[in-house]
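Q: I would like to learn how to read a protein model, one feature at a time. Could we go through it together?

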Amino acid sequence: MNRPAELAAIGAWLDGRLEDVLRDLESLVSIDCGSYTREGVNRVGRWAAEFLERLGGEVSFEPDPDGQLGDTIVARFTGAGAGRALLLAHLDTVFDPGTAAERPFRLDGGRAMGPGTADMKAGLLAGLYAIAALQAAAPETDPRSWKSEGRVVPSPPADGRLAWLPLEQLVFVANPDEEIGSPVSTPIISRLARESDACLVLECARANGDIVSARKGNLDLRARVVGRAAHAGVEPEKGRNAIAEAAHQVVALQGFNGRWPGVTLNIGVISGGTRPNVVPDLATYEIDLRSPTRPAMEAAEAELRLMVARPTIADTTTSIEEVSRHWPMEKLPQSERLVAHAVAVAERLGFPLRDASTGGASDGNTTAGLGVPTLDGLGPIGGLDHSPGEYVEVGSIVPRTTLLAGLLLAIAGDPSFVRTAEGQG
């Protein structure tokens with residue numbers, strides 16, 4: 001198969017669909033879909049599922065067992081080639097209901113703006129349109145058969161394999177809860193990652209265009225300090241001040257910053273007490289611990305737990321609850337190979353590309369933590385995530401979606417990413 005010619009055909013096809021992408025982006029950004037806005041998340045999920053079904057994917061909905069969060073969308077494509085790739089996107093945002101109406105989608109000076117444009121509606125669409133472009137550009141497909149309002153999918157062979165897909169398997173996951181640590185979808189992602197040779201995460205590229213090859217791990221903890229209540233004026237000596245003990249711990253924990261290379265620790269929330277004349281018997285605080293490597297994260301966590309077990313104020317006790325955990329997305333040797341492929345594809349497309357490390361976690365932390373080669377930041381270029389100024393560079397949509405499709409072609413053509421009978425290649 002002539003990959004350069006196919007890459008050119010993919011880029012040309014996507015260039016002719018930019019208006020479709022922008023219309024779809026406006027539709028999705030106009031839906032309030034914060035992680036806890038279940039109805040909105042599921043609206044976005046159903047839209048994505050219908051798109052994937054039209055492309056020939058076998059789509060399933062995996063609900064939250066507790067019924068609180070939205071469904072995880074899983075689409076499986078079986079192709080005629082080699083290699084197994086996993087694409088990860090998320091459906092949720094950080095914004096409250098009403099935000100879409102307060103800050104509606106708009107185009108401003110080459111930027112698409114609105115809640116969730118960069119994080120990550122544009123990345124979600126990049127994944128969907130990259131698959132559509134692979135289909136449309138394949139020799140087996142008549143490009144005229146693809147219509148924005150209803151894609152016409154070529155009939156698959158009798159064995160169920162899609163002739164246009166150069167991989168053995170492509171799985172697309174759109175999860176509902178990434179912005180709150182993926183509590184429901186992580187087991188699903190982990191299961192699918194274990195059967196994959198490579199994982200591509202569709203968070204947007206950094207504002208300078210960098211893709212992401214490494215991310216710090218993120219551990220969220222909640223500390224609960226228990227003391228003893230007493231009258232602050234009559235018999236304060238009988239009390240054990242939980243807030244004071246928490247304060248000692250917070251000061252000590254600040255010293256964790258930089259103690260291990262790259263490790264950061266932040267106390268972002270603290271509360272306690274009932275009124276000024278009562279020695280408080282309870283205080284809580286929340287910890288954000290990040291590390292670029294698993295050994296450093298394990299060492300910092302162990303020291304943290306040891307420290308709180310040795311109170312400064314006698315007769316106080318502290319318990320630690322794990323709220324969420326993402327192990328570091330470390331740059332595996334095969335991840336380096338993914339970077340090399342991405343850089344080579346970008347060079348053919350006429351733009352430079354670099355990879356970078358970042359402090360924020362994503363679902364790529366989960367897959368890399370399982371030893372699966374992972375590359376992130378493969379959506380269009382965007383920035384100011386989680387803020388009123390969030391944006392995507394419109395001019396980056398076509399080249400970055402072409403890059404993603406080209407990277408899938410590269411994985412399919414690289415024997416080192418093909419699973420063998422003994423395991424991963």
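Q: Let's take isoleucine 73: is this residue buried or exposed?
A: Burial is judged by relative accessible area, and the cut-off for buried is under 20%. Keep in mind that we are reading a predicted model. Isoleucine 73 has a relative accessibility of 1%, so this residue counts as buried.

Q: Where is isoleucine 73 placed, and which residues does isoleucine 73 touch?
A: You will find isoleucine 73 in strand E2, which covers residues 72–78. Leaving aside residues up to four places away in sequence, the residues that isoleucine 73 touches include Gly45, Leu52, Phe61, Leu91 and Phe172. Val59 is also one of them. The C-alpha atoms of valine 59 and isoleucine 73 are separated by 7.1 Å, with the two residues 14 apart along the chain.

Q: Now for charges. What can side chains of opposite charge do?
A: Side chains of opposite charge can pair when their charged atoms come close. For a salt bridge, the cut-off is a side-chain nitrogen of Lys or Arg within 4 Å of a carboxyl oxygen of Asp or Glu. By this rule, the count here is 22 salt bridges.

Q: Which residue forms a salt bridge with glutamate 168?
A: The partner is arginine 84, and the closest N and O atoms of the pair are 2.8 Å apart. This pair links distant parts of the chain: arginine 84 is in strand E3, while glutamate 168 is in the loop between helix H5 and strand E6, 84 residues apart. Glutamate 168 itself is partly exposed, with a relative accessible area of 29%.

Q: What about arginine 106 and aspartate 108: how far apart are their closest N and O atoms?
A: Those atoms are 2.9 Å apart, and the two residues form a salt bridge. Arginine 106 is partly exposed at 41% relative accessible area, and aspartate 108 also counts as partly exposed, at 38%.

Q: Which residues are joined into one network by salt bridges that share partners?
A: Let's begin with one pair. The side chains of arginine 325 and glutamate 322 meet in a salt bridge, 2.7 Å from N to O. Arginine 325 has 22% relative accessibility and counts as partly exposed, as does glutamate 322 at 39%. Through salt bridges with shared partners, Glu301, Arg305, Glu322 and Arg325 form one network.

Q: How far from aspartate 363 is the nearest side chain of opposite charge?
A: That side chain belongs to arginine 215, 9.5 Å away. Aspartate 363 is buried and has no salt bridge. Its place is in the loop between strand E16 and helix H10.

Q: Which side chains make polar contacts with the side chain of aspartate 363?
A: One contact is with the side chain of asparagine 175, at 3.2 Å. Another joins the side chains of aspartate 363 and serine 182, at 2.6 Å. Beyond residues up to four places away in sequence, aspartate 363 touches Leu88, Glu178, Ile189 and His326, among others.

Q: One last feature: how many disulfides does the structure hold?
A: A disulfide needs a pair of cysteine sulfur atoms within 2.5 Å. The structure holds zero disulfides. For cysteine 199, the nearest cysteine sulfur is that of cysteine 204, 16 Å away. Cysteine 199 counts as buried, at 0% relative accessibility. For cysteine 204, the nearest cysteine sulfur is that of cysteine 33, 14 Å away. Cysteine 204 is buried too, with a relative accessible area of 4%.

Conventions. Residues are numbered from 1 along each chain as its sequence is written. This is a predicted model: local features need pLDDT of at least 70, side-chain atom pairs count only at pLDDT 80 or more; totals for chains, interfaces and linings use all residues. Side-chain values use heavy atoms; hydrogens and water are left out. Helices (H or I, at least four residues) and strands (E, at least two) are DSSP runs, numbered from the N terminus. Buried means under 20% relative accessible area, exposed over 50%, partly exposed in between (1.4 Å probe, protein chains only). Lys and Arg count as positive and Asp and Glu as negative; His and the chain ends are not counted. A polar contact is a pair of N or O atoms within 3.5 Å; within protein, one must be able to donate a hydrogen and the other to accept it, and residues adjacent in sequence count only if both atoms are side-chain atoms. Contact means heavy atoms within 4.5 Å.
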